[in-house]
Amino acid sequence: MTGALQTGLILFSCVVVCGSEPTHAGPDRVGESHGKSRLVHLTSHWAFQLANDSLAFSRADRFCRGHFSSLAALEQAEDQEGVLELLRQAGHRSPIWVRDPSKATSRAVALSKQYVQFSALNFPKESCEGFARVNMSFPTLSSVSVCVRVQWNPEWNEVSTIFSYAAPVFTNEFQLRGQVDVQGRILLALIIHGKHLPYKASFPNDGAWHHICVTWLRSSGHWAIYVDGDRKDMGSGTDSSRNIYGDGIFILGQDQDSFGGNFTEPFFGNITDLNVWNMSLETRHVQALNACSPISQELLFSWNLADLSSHPMVKEVQVLLFCRAVHQQMALQGCRTLQLRSDQLLSGSTGCSDPLMFICRSRKERYLKMKQMTEAQTSQPTAFMKHLMKLSNRTQAVLVLPGSLAEASALLDVSARALGAPQREALQPADMVSIIQLLSLAADVPAQPGPETTDPSRDPVQELSRHFVSVADCVISEDNALQWQAIREVVNGPMDVVQSIDRMVTSLSPHLMAETDHLIILTPNIKVEVQQQRLQDGSRGFSFCGPDSKLDCISVPQQKIQDLRNNGFLQLTLVNTWYGSLWPLFTPEENITNIPNISMVPTVTDGSQRYLGTVLGSSVISTTVMGDNQPVSTAVRFHLQHRVQNPAGTVYDPVCAFWDFDLTPEAGGWWNTKGCDVVSKQYGSTVCSCNHTTNFALLLQVYEAQRSPENEKALQVLTFIGCGVSLCGLLFTFILFIAVGVPKSDRTTVHKNLIVSLGVAELLLMCSDWASANEAACFVVTALLHLFFMASFSWMLVEGLLLWSKVVSVNISEDRRMKLYYAIGWGLPVLIVGVTLTVAVDEYKAQDHCWLNVHTDTIWAFVGPVVFVLLVNTVVLCRVVMVTVSSARRRAKMLSPSSASKMQTFDLTWAVTRPVLILLPVLGLTWLCGVLVHLSVVVAYVFIALNALQGLYIFLVYAVYNSEVRNAIKRIKEKRKALSFTNCSQPTSFLPSQRAPMTSWGRSPPTPSSPETSETSGPPSSTYTSLVIKNESFRKESFVSFSLKPASGNQVVQLTGFKPSGC
């Protein structure tokens, strides 16, 4: 008894193994819960299992899904080989179900895709003469099907004829009639060969559109009436001795008491979409027609107002009809089958409701892991399984796979009590797999009505729902995070449980809402709420919130509800769920969205922060909207709180997303952001809007924290100030080169070009924030910034090459050198920018600012040349330092040790530091930090400081401490001082300047008027000597007279000059 009990409980798993492991070449038979064996064949990647149960296609698909596999699909050669070998070993020759990968799974679609516009005929109540005639000749019919969409006038309660077909030899050949009964229903009846069938099929007299199909087959005498896709009445026993006569008249809206005339029993309302076939339609065809899917096979007449002639009182109107599944063609086309014949696989199709055997396919690793778990559970049950068996014996639960609501509820009840035991041991991985499989299988149990009960709390549907949610709550508890990691090879993840809850609540919602319009199921980690509302003018919007926080909320706006009302919906049901413990169950490897073609695009693209990955950072909340019990899609808005705390050194940016089960279906789906947008970001929460309904959450993109808002603002201000300071230094340096008349040389020319390129780049950098508001202007500024910064680095490279040619190697003439320098300094940047724009113009600029896109290879068009220039100039610097030190040592040895020890030390130090002081700004130390600015905010501040000092540093080195500039300034000063001699009026002592002027001497006789002769009466030997001082700084010669007087044997020279009083 215990073994059977255990088998019934644990076989929510794929298989119970009885035998050795199957090989690649041959299959193996494994047992199942109900005693049947299942054949398994393994290939290199897949495990194929042939189920002995014969089920309809939808149930077979759910069966495989409940066993963590899927229906086999012949997508690859390995699939075909595996299925073929399995069928050969089993000797199975009958058709089996296979999945058609070209058909999408069923899902709610947007309302704009669910409505189709039709041209209809209105038969007004004001006249009893309205009719419409089909203008075609009908052949003799051995079978017939007529489908039509009807909107019955609720104010008419008499018998009405929807259509009548009369032949020349028999008037009541084929007719559909309707009348209102005492309960307000429209009852339908057929007349075939004059035989009036009973009024049994019905639909409500609610003024809505209804799809009606009638069929007849002579060979069996079988007839049927379908309403809105469901067969409402059927029978046989009609006259099968003859066909329906041909050459008849088909009339809409009237009964023909004579051939084509004497109309009676008029119809009042609207009629559209009349179609007639020379065949008896099957149920699947009628369901497809009800969903607006056309059928062209054996079609005699297709709805077209041009092929109708109508009474003047009948008017044409346009109507918008709701088509529940315009995109679904499976019911019409049938489901795909596979059959083994003569060792070959033949593909076909049949009705999806036919019971057939099927093959489930799963990954080989998953199958082997499941087998290992099941063997261990069979040989040595876990503590949880033993406790479950004990409870089952007390409650006498049905211990088989759930096939009904009662069985499923009993198994879930036992599981919930075992999971809720106060001293329960931790679940083992095998326990988790069994429970998850139980949830998946129970979610697909058909909702068959059970016996009525007077106690609402004992309603079997509500009981099953509460037990289901209670078990699911224990499974997705944060305490089971390690167990979820252990079963990753078997179960796709916690979203499998979410999908099971969605399927269960959605399928049971009509029964859950039978006695109430509001239901809440609350557990510690899950909240389920089902709401129902009759739509009317002014209907309010729906909203739903989690249990603990008003921030975890989702709502359907009132305007969207009103749109559904305007589109003809009468009743809405909303199924809302909240999951508060899912985010800890996703491992970092699962959270980082690095699946090919599905990776999340970073939202921060300005390069200020380094993207690390994306994690699930909130609760999961969902809503499902059903209009008149059919899933529809509408826009929603949700507000979720951030659940993940920021680790040190990281920041988060929220992204609105939903779980897409069709994305990588083999892995159970993945996160998708299509159709979802961030409405507002608040502290600790985010508001999102999505244009559809499903399971939603916040994905938090993780970035390495680099700049706080305060730092960002400070960096912007300091960047502007720093660029201004640097630009001023460069401008002053350039002005000095022009103003003081520095002698022209190749070195001066290189300095000027470097200053111009760097100055223009700094000016553009200051204006880049203003240009970012205009896309075209920003693109131009980006290209110019690229060009001029590249030019500045190119001229830095030229500086290094020039220094090399001056100090290390002198091989090229000056003229040829300058041509090469211009080609490098300006030609190379133009070439790089032009090629980059040609190759990657679409990825050239960053999204949010005027600079190159750092997230594409475009940035290497700048970084690559910069690194090259830095490397070349580093080599130049090292070589120049070596040559300079060597030269300084040789000069120092030539001096005597006693008189030149200090000079030797000075020369040696200057030889080392002079190249460094000159080359540091040229080598681009600033942009070395610029390349590394994303690593730290400290590097960003260093970059701004160096950028601000760059212009000032160039001003000091190229202007203030440049010997050529200093000599030019000194010459200007001397010219101004010497120029003052020409207009002097006051005597002053004349002292020669440091730079002695050229002089010439001459003798002449004294003149009477000379001051020297009037003051001195010397001997005849005394003479006057004239000194001519020719100063290079003066345009004219300056003459100074002086006298030579002997006194005590010494000769005295007295110089007298005149200085203007204004000097």
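Q: Is K200 buried or exposed in this predicted model?
A: K200 has a relative accessible area of 53%. Anything over 50% counts as exposed, so K200 lands on the side of the exposed residues.

Q: Where does K200 lie, and which residues does K200 touch, leaving out those up to four places away in sequence?
A: Look at the loop between β12 (195-196) and β13 (201-204), where K200 lies. The C-alpha atoms of K200 and L187 are separated by 6.1 Å, with their places 13 residues apart along the chain. Leaving out residues up to four places away in sequence, K200 touches L187, L188 and D233.

Q: What share of the protein's residues is buried?
A: Let's step back to the whole protein, which comes to 25 helices and 46 strands. It exposes about 50,800 Å², and carbon and sulfur atoms supply 55% of that. Of its 1063 residues, the buried ones make up 49%.

Q: Among contacts between residues at least 6 apart in sequence, what percentage joins residues at least 24 apart?
A: A contact here means heavy atoms within 4.5 Å. Take the contacts between residues at least 6 apart in sequence, and the part that joins residues at least 24 apart is 73%.

Q: Which helix gives the most residues to the largest nonpolar core?
A: In soluble globular proteins, nonpolar side chains tend to be buried together. The largest nonpolar core in this model has 70 residues, and W484, V497, L582 and W671 touch the most other members. The top contributor, with nine residues, is helix α10 (residues 429-443).

Q: Which residues does L582 touch, not counting those up to four places away in sequence?
A: L582 is one of the core residues that touch the most other members. Setting aside residues up to four places away in sequence, L582 touches I476, P494, M495, V498, L616 and V620.

Q: How many residues are in the second, separate core?
A: This core includes L785, F793, C850 and Y958. Its count of residues is 46.

Q: Is T836 buried or exposed?
A: You'll find T836 in helix α19 (residues 814-839). Not counting residues up to four places away in sequence, T836 touches H786, V841, Y844, T858 and A861. Its relative accessibility is 10%, and the cut-off for buried is under 20%, so T836 counts as buried.

Q: How far apart in space are Y367 and E489, C-alpha to C-alpha?
A: Y367 is found in helix α7 (residues 364-379), and with a relative accessible area of 2% Y367 is buried. Along the sequence, Y367 and E489 are 122 residues apart. In space, C-alpha to C-alpha, the distance is 9.1 Å.

Q: What span does helix α9 reach from its first C-alpha to its last?
A: Helix α9 (residues 405-419) has 15 residues, and among its buried ones are L405, L411 and L419. At 1.5 Å a residue, 21 Å is expected. The span in the model is close to that, at 21 Å.

Q: Which are the edge strands of the open sheet with the order β29-β30-β35-β39-β38?
A: Five strands form this sheet, and the pairing is antiparallel. Neighbouring strands are turned by 15 degrees against each other on average, direction ignored. An edge strand pairs on one side only, and here those are β29 (542-545) and β38 (676-682).

Q: Which residue in β39 stands opposite Q641?
A: Strand β35 (residues 636-641) and strand β39 (residues 685-690) pair in the antiparallel sense over six bridges. Opposite Q641, in β39, stands S685.

How values were computed. Residues are numbered from 1 along each chain as its sequence is written. This is a predicted model: local features need pLDDT of at least 70, side-chain atom pairs count only at pLDDT 80 or more; totals for chains, interfaces and linings use all residues. Side-chain values use heavy atoms; hydrogens and water are left out. Helices (H or I, at least four residues) and strands (E, at least two) are DSSP runs, numbered from the N terminus. Buried means under 20% relative accessible area, exposed over 50%, partly exposed in between (1.4 Å probe, protein chains only). A nonpolar core is a set of buried Ala, Val, Leu, Ile, Met, Phe, Trp, Tyr and Cys residues joined through side-chain atoms within 4.5 Å. The expected span of a helix is 1.5 Å times one less than its number of residues. Accessible areas come from the Shrake-Rupley method with a 1.4 Å probe; for residues, only the protein chains shown count as cover. Two strands pair if DSSP finds at least two bridges between them. Axes are lines fitted to C-alpha atoms, for helices over the stretch in contact, and angles run from 0 to 180 degrees between N-to-C directions.
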